[in-house]
Each structure stands twice: as C-alpha cells, then as structure tokens.
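Q: Please take a close look at one part of this protein, the place where its helices pack against one another. I would like the contacts residue by residue, followed by a word on the rest of the interior.

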Amino acid sequence: MAKTATQTKTKSIYSPHPSLAMVQKWVAELKDKTGRSLHEWLRYIKKSGPKDEKARREWLKTEHGLGTNSAWWLAERAEGKATVEGDPDAYLKAAEGYVEKMFAGKKAQLRPIYEALLKLGLSVGKEAKACPCQTIVPLYRNHVFAQIKPTTQTRIDFGFSLGDTKAKGRLIDTGGFAKKDRITHRIEITSLKDIDDEVKRWLKVAYDRDA
C-alpha cells in the first residue's frame with residue numbers, strides 16, 4: 001500500500017509539506033483524467049516522447065493537452081527527478097538537509113535561536129507543524145501562520161500571518177497584506193532573550209487566526 005503524506009517511516013520533528021498530499025491526489029486521479037496512470041505515462045514518455053526534458057514538456061502540452069504543471073512534473077519524473085514531491089519519507093530526509101544548509105557556515109551561530117523558535121512554534125497548539133523549505137521553515141496549522149527565516153548572519157526574522165493588524169511594539173509590517181502574502185508581519189530575533197512574551201503573544205494570535 002502506498003504511503004500517504006501523513007504516513008512515513010521516518011521519525012522527525014518535521015511534518016510532510018502539504019504540497020505532498022496535493023501531488024498524491026493528482027497521481028491518484030491521473031488515470032481517470034488523462035487515460036494513463038503515472039507508470040503508464042512515464043513508460044510512454046520514455047518510449048515515444050522527445051529525448052530532451054524541455055521538448056518533452058512542450059510535447060506533453062501540445063500533443064497531449066496536459067497543463068503546464070502536469071507536463072513539467074511528468075517530464076521531470078521521466079528524468080528521474082522530483083521524487084521528493086511525492087514521497088513523504090524522501091521529503092523529510094530532504095527537510096533535515098534544508099535546515100542543516102540554512103544554518104551552516106556563518107549562520108551556524110543562529111542554530112540555537114532557530115531551535116528555540118521551532119520548539120516554541122510547535123508548542124503553540126496541537127495542530128502546529130513545521131515543514132521546511134530550502135530558505136525558510138514555515139509553520140502550518142491549516143495554512144502558514146508563521147515562519148522562521150534566517151535573514152542575515154546575525155538575525156532571524158520570525159514572521160506571522162496577522163492580516164491587516166496594525167504594527168506596534170517590536171512588530172514590523174512586511175507589506176505582505178497589501179501584496180496578499182500569508183506573512184504580513186515579523187519580529188527580528190538576534191538572541192534567545194528576544195524570544196519574549198511579546199513574541200509568544202503574537203505567535204498565539206497568528207495560530208488562533210488560522211483555526
């Protein structure tokens with residue numbers, strides 16, 4: 001039986017990214033929508049499609065009427081790429097690597113601050129989960145409600161989804177609300193002592209807003 005995005009062999013503090021469930025749903029529906037399963041598409045592409053990945057994408061769109069995202073994903077998969085996007089265990093392994101790279105070299109000194117923010121973020125509510133990307137660690141409930149971003153060698157920006165909340169105190173307006181971004185505010189964290197009651201309060205507000 002295939003693993004779902006919530007079933008993994010790997011023990012990790014992180015959770016599979018929500019996009020994995022979307023990919024798995026797409027794969028499950030591929031046969032009904034296109035007439036071929038994933039395995040059948042990959043076999044067909046390798047046998048009958050162009051040899052170049054870019055040409056394969058165009059061929060899948062023009063000759064077979066697939067959308068851009070579907071054509072791109074199938075062409076990559078036919079090249080042996082994109083395995084992380086559909087495999088929870090592979091994603092979690094990659095996620096650990098993303099974090100290691102984020103806090104390597106001159107940003108290594110930020111790792112204790114990151115660990116404290118991660119622990120705080122996961123403790124804000126039972127539905128909180130962390131799903132690392134290559135440059136940030138978003139915190140999810142139903143959507144992204146906060147994110148941890150090592151912006152410089154000496155500072156982490158702890159971002160929050162607070163809508164049109166007026167910035168006050170240490171809270172900085174990112175301009176995200178006007179741009180329709182999830183993260184609309186941030187607080188600059190340069191030391192463990194910066195993780196104070198104000199930070200915890202705004203984190204809880206952001207988490208509760210995403211109920």
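A: What follows goes through the helix packing, then one residue within it, then the nonpolar cores.

The model is predicted. Helix 4, residues 68–78, packs with helix 3, residues 53–62. Their axes are 8 Å apart and the angle is about 140°. Angles over 145 degrees would count as roughly antiparallel, so helix 3 and helix 4 are oblique to each other. Their crossing is right-handed. From helix 3, the residues that take part are Glu-53, Arg-56, Arg-57, Leu-60 and Lys-61. Helix 4 meets them with Thr-68, Ala-71, Trp-72, Leu-74, Ala-75, Glu-76 and Ala-78. By type, this contact holds 6 nonpolar residues, 1 polar and 5 charged.

Helix 4 also has a contact with helix 2, residues 38–48. Here the axes come within 9 Å and cross at roughly 70°. With 65 to 115 degrees as the range for roughly perpendicular, helix 2 and helix 4 are therefore placed in that class. Helix 2 contributes Leu-38, Trp-41, Leu-42, Ile-45 and Lys-46, while helix 4 contributes Trp-73, Leu-74, Arg-77 and Ala-78. The residues of this contact divide into 7 nonpolar and 2 charged, with no polar ones. Leu-74 and Ala-78 of helix 4 are named in the contact with helix 3 and in the contact with helix 2.

Ile-45 is worth following further. This residue sits in helix 2. Its relative accessibility is 0%, which is why Ile-45 counts as buried. Leaving out residues up to four places away in sequence, Ile-45 touches Arg-56, Trp-59, Leu-60, Leu-74 and Ala-78. Ile-45 and Ala-75 are 30 residues apart in sequence, yet their C-alpha atoms are 7.8 Å apart in space.

Now the cores. The largest nonpolar core has 41 residues, and the members that touch the most others are Tyr-114, Phe-145, Ile-156, Phe-158, Phe-160 and Ile-189. At least two residues each come from helix 5 (88–102), helix 6 (111–123), helix 7 (197–209) and strands 2 (137–140), 3 (144–150), 4 (156–160) and 6 (185–189). Helix 5 gives the most, with 7 residues. Apart from this core lies another, of 14 residues, including Val-23, Trp-59, Leu-60 and Ala-71. Of these, Trp-59 and Leu-60 are touched by Ile-45, and Leu-60 and Ala-71 belong to the contact of helix 3 with helix 4.

Conventions: Residues are numbered from 1 along each chain as its sequence is written. This is a predicted model: local features need pLDDT of at least 70, side-chain atom pairs count only at pLDDT 80 or more; totals for chains, interfaces and linings use all residues. Side-chain values use heavy atoms; hydrogens and water are left out. A nonpolar core is a set of buried Ala, Val, Leu, Ile, Met, Phe, Trp, Tyr and Cys residues joined through side-chain atoms within 4.5 Å. Buried means under 20% relative accessible area, exposed over 50%, partly exposed in between (1.4 Å probe, protein chains only). Helices (H or I, at least four residues) and strands (E, at least two) are DSSP runs, numbered from the N terminus. Axes are lines fitted to C-alpha atoms, for helices over the stretch in contact, and angles run from 0 to 180 degrees between N-to-C directions. Angles under 35 degrees count as roughly parallel, over 145 as roughly antiparallel, 65 to 115 as roughly perpendicular and the rest as oblique. A crossing is left-handed if the near helix is turned anticlockwise from the far one by less than a right angle, and right-handed if clockwise. Contact means heavy atoms within 4.5 Å. Ala, Val, Leu, Ile, Met, Phe, Trp, Tyr, Cys and Pro count as nonpolar, Asp, Glu, Lys and Arg as charged, and the others, Gly among them, as polar.
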